[in-house]
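Biologist: I have a structure open and I'd like to learn how to read it. Can you walk me through some features?

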Number of protein chains: 2
Amino acid sequence: MEKKIPYKIYLAENEIPTQWYNVRADMKNKPAPLLNPGTGQPLTLEELSPIFCEELCRQELDNDTAYFDIPEEIQNFYKMYRPSPLVRAYFLEKALGTPAKIYYKFEGNNTSGSHKLNSAIAQAYYAKKQGLKGVTTETGAGQWGTAMSMACAYFGLDCKVFMVKCSYEQKPFRREVMRTYGAQVTPSPSMTTNVGRKLLEEFPDTTGSLGCAISEAVEAAVSNEGYRYVLGSVLNQVLLHQTVIGLETKAALDKYGIKPDIIIGCAGGGSNLGGLISPFMGEKLRGEADYRIIAVEPASCPSFTRGKFAYDFCDTGMICPLAKMYTLGSQFIPSANHAGGLRFHGMSTILSQLYHDGLMEARAVEQTSVFEAAEMFARVEGTLPAPESSHAIRAAIDEALKCKETGEAKTIVFGLTGTGYFDLKAYESFNDGTMSDVIPTDGDIAASLAKLPEVK
Amino acid sequence: MEKKIPYKIYLAENEIPTQWYNVRADMKNKPAPLLNPGTGQPLTLEELSPIFCEELCRQELDNDTAYFDIPEEIQNFYKMYRPSPLVRAYFLEKALGTPAKIYYKFEGNNTSGSHKLNSAIAQAYYAKKQGLKGVTTETGAGQWGTAMSMACAYFGLDCKVFMVKCSYEQKPFRREVMRTYGAQVTPSPSMTTNVGRKLLEEFPDTTGSLGCAISEAVEAAVSNEGYRYVLGSVLNQVLLHQTVIGLETKAALDKYGIKPDIIIGCAGGGSNLGGLISPFMGEKLRGEADYRIIAVEPASCPSFTRGKFAYDFCDTGMICPLAKMYTLGSQFIPSANHAGGLRFHGMSTILSQLYHDGLMEARAVEQTSVFEAAEMFARVEGTLPAPESSHAIRAAIDEALKCKETGEAKTIVFGLTGTGYFDLKAYESFNDGTMSDVIPTDGDIAASLAKLPEVK
C-alpha cells in the first residue's frame, strides 16, 4: 500500500546532508576548464587564488572527488533555515485536474528569499577559515547580495557589496535588508575603485551595469589586503554547494518510495538547476536510473535553446576567465525581463556539457505565460513565487496538462527557488496588463555571437 | 535524560489542532459585552448579523463553549502553511550568553507574512458557507488585506479591500500582492461609498485614515447584497481562530516535556497575543499551571500601561460598537511609529479583562530599542522580523539578559508574528540613524480620555 504523502515533507534535522555531491566525478565528458583569456591556457590554482578563497579554488578545479564533507559550522548554519520542505502540490494538481503528481522543493523560506544562501554560507565560511577580513561581491536585483550579507553577519566578516546604481536607487528595499545585516552597500559605478572612477569620468550620469559592478568587486578584492571576491552562480563550486537542494529532495522522495519521472528547474547561471538535479543526474550517469530533466529559461535570454556551445567571457566587462558554455555572447543585452536572475548570457559549464551530451532538455518560455503560471500557483498553493522560479512552474504546469490529456500519472518535481516579495513591480505590470514579451531576433543573436572571443 | 531539542520543532500534519479553544469559557470574570452605542444595551445576534457572518457572530457572543471544531476545509487550508515551526533560538541564546532557553513560534512563513491568515481563512470559510458573494474589509499597511485576499482566492469569494489612500500610493507592494490574489483594492476615501464621497467633497486632498476605511468597508458590506464585513483583530472570534498558534505551541512544547516560565507576545488589537497565550491562560485559570505572561506594546501607543479600562468606540469614526477595554480614547492619534499593526488605541476585551484581573503583565517599549533587538535577532537567527513582532523580541531579550544576571535558566517563549519584508522603510530609518521615539505626554492621554463616551 502506498504511504500517505503529507502536504509538506520535512526531513529531520539529522537528515540534512553532511556532504555535497560533485556530479563532475561521474561525468564521462568533464566540463571544459576555465581558460586564462591572456594565455588561452587552463587557469591554475595559483592564478585563481588571489581572487577566490583557496579552498573554493580547489573545489572549482576538482573534477574527481565525488563527495565533499560539509564543515560543521556550515551544517550548523543550515539548521537556521534547512531542511527546506518538499511540498506535494495537492492544491495545484486539483486546480489543474491532472493525474500527475507534482512536488516542489521550496527554497524561499529564509530572509534572502532564495536558494542563494546555500552557497553564500559556504563561501563565507571558507573566507573566515582562511583568516580573511571580508569579501567583495556585486549584486543586481539584490538576492545574492542579501544572501552574502546574511552569511557574513553570521561569521563576523566584512561584506562589501557593489550594487548596480539603478537598482540601488530604484530598489531600496533589498539594499536595506543588506544594510540591516551589516553589509556595506556601494552604488556602482563608484569612486572607490579605478574602474568606477574611470567610468564616472567618462559617463558621469551612468546608472551602472552588472558587468561594471563585477569589475569593481574584483578590483576591491585584489586591492584590499585580506579580501576575496565571491560569486553566486555559474561556477562549479556554487553548483557543488547547491547540491544540498537535490540531496534533500532525493532523501525526502526516497523516504516515501517516490521515483520522479520529470525534474524541472529554471536556469540562469545554473546554480539552482545544477544543485537540484545533481544527485539524479549522478544516477543517470552511472546508469542506475533514468529521468527526464528539463531546464527552463526565458525566451528573452535563451542561452541553451538558441545559444552556441563555445568559449566565452563570463562577464560583459570581459575581465573574467573564459568558460566553455552555451552562450548568447558576452555582449548580448537581453531585453527587459523581470526575472533578473535569469538574464545571464551564458550558463554553467557543467550544465552546458550535460546538455551538449544529450543528458537533459531545455525549453524557453515567454514572460507573460510565466506570470500566468505564477498567479495561478500563488492563488492555489499560497506562495507568491519569484519570477525566476515561475519559469519552472510554467513548465511543470505544462507537463501536468500533458498528463491530463494522456491520462498518465507522472511524477513531476520542480525547484521553487524563491519568493517574489521583492518583485512586486513585475507583478504590478502583469496585473495592469502592460507586460510584454520581447524575444531576440536571429539577427540579434548572430550579431552577438559574431563577437565571441577566439581561443588560442 | 533531557531530550535533544532540535532547532525547529515541527508538528506532524495530523497534529495540527482540530479545535479552537475559547478561553472565555474558563474565565470567571467574562469579558464585558459589546454595546450598541445608540441604546447602551449589549449587542444581539440580530444586530450583529447584517454586518458579520452569522456563524462568526455566534462565536463572537459565545462565552461558554470551550472548544469549537475547526471545519475540515479550514484544516485543509492550514496544511498549506501550517504547522508553523516552534524555533529554539540557540543562536540568540549564544549571542546573549544567557542560560535562558528561548523559543519562538514563527507565523511568518506564508505570503501574507503574518499570523493574520489564521483568522482570514476562517472568516472566508464562514462567508462561503453562508452562500455570500464576498466580503469587504479595510487595510492600513496591508497585512490583513493580503491575508484576506489569499483566503478569498482559495474559496473563490470576491474581496473588496479599502486601503488607506496614503498607503495605497506609498506602499504599492502589498497592494500588488492583493491584486495578484484577485482582490479589488480601492484607495480610501473613494467615490464608491456615501462616507467616501462626503469626505472627498469636504476634503478633496485627504490621504485617508483607517477610521474612514473601516466606515467605507462597513457601508460597502451592508449596502451590497451578499456581502459581509470582516475584521482582523480585537474581536473575540479573531482571538478564537488565532488560538491555533497557542495550541500548536503547547503541543510542540509538551512533546519535549518543556514547561515555559514566561510567555511573551506583542499587543496591538490583541489577536496574536490572545491566540498564543489562550491555552496557557486556560491552565492558569483552571489552576493547573502558572506562567508569567507579558504583553508588549509600543511606548507611542500604550493602551495597557497608560490607558483606562472603560467602554469606548473600537474605531476612530465612532460608528462601531462600544467595547470595554484598555483604551487611550478612540480619538487618540499615536505618534508616527513603524509598527503599524500596534497603533490601535484600544485592546481586545478578553485580554483587557485578563489584564484587569491581574492574570498577565504589560510593558511598553520604545521604537529604537525595538529595532536594536530586531537587528540583533535578524543577524543571529536569520529572519528579518516585522516591527510589530520585534516588540516581543525586545522583551524576550530583556528577560534573557535578566537570567544572565541571576544565572537562572528560565524558559522563555515568544510569538514571532511575522516578517519585515514590507517594512524596509522602517529599517532604512533605523539604519540611517534617523529613527526617533515620540511618547505621548500625560496631558495628551488625559485629553483623549476626556472624550470617552458616556455609557447609559
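Modeller: Keep in mind that this is a predicted model. Start with what packs over α6(A): the cover on its buried residues includes α3, α5 (117-129), β6 (134-139), β7 (158-164) and α8 of chain A.

Biologist: How many of the residues of α6(A) are buried?

Modeller: The count is 11 of 13, so the helix is mostly covered, with buried meaning under 20% relative accessible area. Among the buried ones are W144(A), M148(A), M150(A) and F155(A).

Biologist: And what span should I expect for the 13 residues of α6(A)?

Modeller: Use 1.5 Å a residue, which gives 18 Å for α6(A); the C-alpha atoms at its ends lie 19 Å apart, so the two agree. Just after the helix comes G156(A), with a positive phi near 65°.

Biologist: Let's try a loop. Where does N63(A) lie?

Modeller: Look in the loop between α2 (54-61) and β3 (67-69) of chain A. N63(A) counts as buried because its relative accessibility is 18%. Leaving aside residues up to four places away in sequence, N63(A) touches N22(A), R24(A), A25(A), K30(A) and P31(A). With one of these, R24(A), the side chain of N63(A) makes a polar contact of 3.5 Å.

Biologist: Now charges. How should I read a salt bridge?

Modeller: The general idea is that side chains of opposite charge can pair when their charged atoms come close. Over all chains, the rule counts 52 salt bridges. Take K402(A) and E399(A), whose closest N and O atoms are 3.0 Å apart.

Biologist: Why are K402(A) and E399(A) separated by about one helical turn?

Modeller: An α-helix has 3.6 residues a turn, so residues three or four places apart point the same way. K402(A) and E399(A) are three residues apart in helix α16 (residues 387-406) of chain A, which means about one helical turn between them. Their surroundings are worth checking too: K402(A) is partly exposed at 44% relative accessible area, whereas E399(A) is buried at 2%.

Biologist: Which salt bridge should I look at for parts that are 143 residues apart in sequence?

Modeller: Go to chain B, where K105(B) and E248(B) meet at 2.7 Å, N to O. K105(B) sits in strand β5 (residues 101-106) and E248(B) in helix α11 (residues 236-255), so this pair ties together parts 143 residues apart. Are they buried or exposed? Both are buried.

Biologist: What about the contact between the chains?

Modeller: Begin with the counts: 43 residues of chain A are in contact with 43 of chain B. Together the two chains bury about 3,900 Å², with 57% of that on carbon and sulfur atoms. T180(A), R379(A) and Y421(A) supply 17% of the area that chain A buries there, more than any other three residues.

Biologist: How many salt bridges and polar contacts cross the interface?

Modeller: The rule finds four salt bridges. One links R175(B) to E428(A), at 2.8 Å from N to O. As for polar contacts, 27 residue pairs make them, both partners at pLDDT 80 or more.

Biologist: Which helix gives the largest share of the side of chain A that touches chain B?

Modeller: That's α8(A), with six residues. By type, the residues on this side of chain A divide into 21 nonpolar, nine polar and 13 charged.

Terms used:
Residues numbered from 1 in each chain as written. Chains lettered and ligands numbered in written order. Predicted model: local features only at pLDDT ≥ 70, side-chain atom pairs only at ≥ 80, totals over all residues. Heavy atoms only, no water. Contact = heavy atoms within 4.5 Å. Buried area = accessible area lost by both parts, 1.4 Å probe. Salt bridge = Lys/Arg side-chain N within 4 Å of Asp/Glu carboxyl O. Polar contact = N/O pair within 3.5 Å; in protein donor to acceptor, adjacent residues only side chain to side chain. Helix = DSSP H or I, 4+ residues; strand = E, 2+ residues; numbered from the N terminus. Nonpolar A, V, L, I, M, F, W, Y, C, P; charged D, E, K, R; others polar. Expected span 1.5 Å × (residues − 1). Buried < 20%, exposed > 50% of the residue type's maximum accessible area, 1.4 Å probe, protein only.
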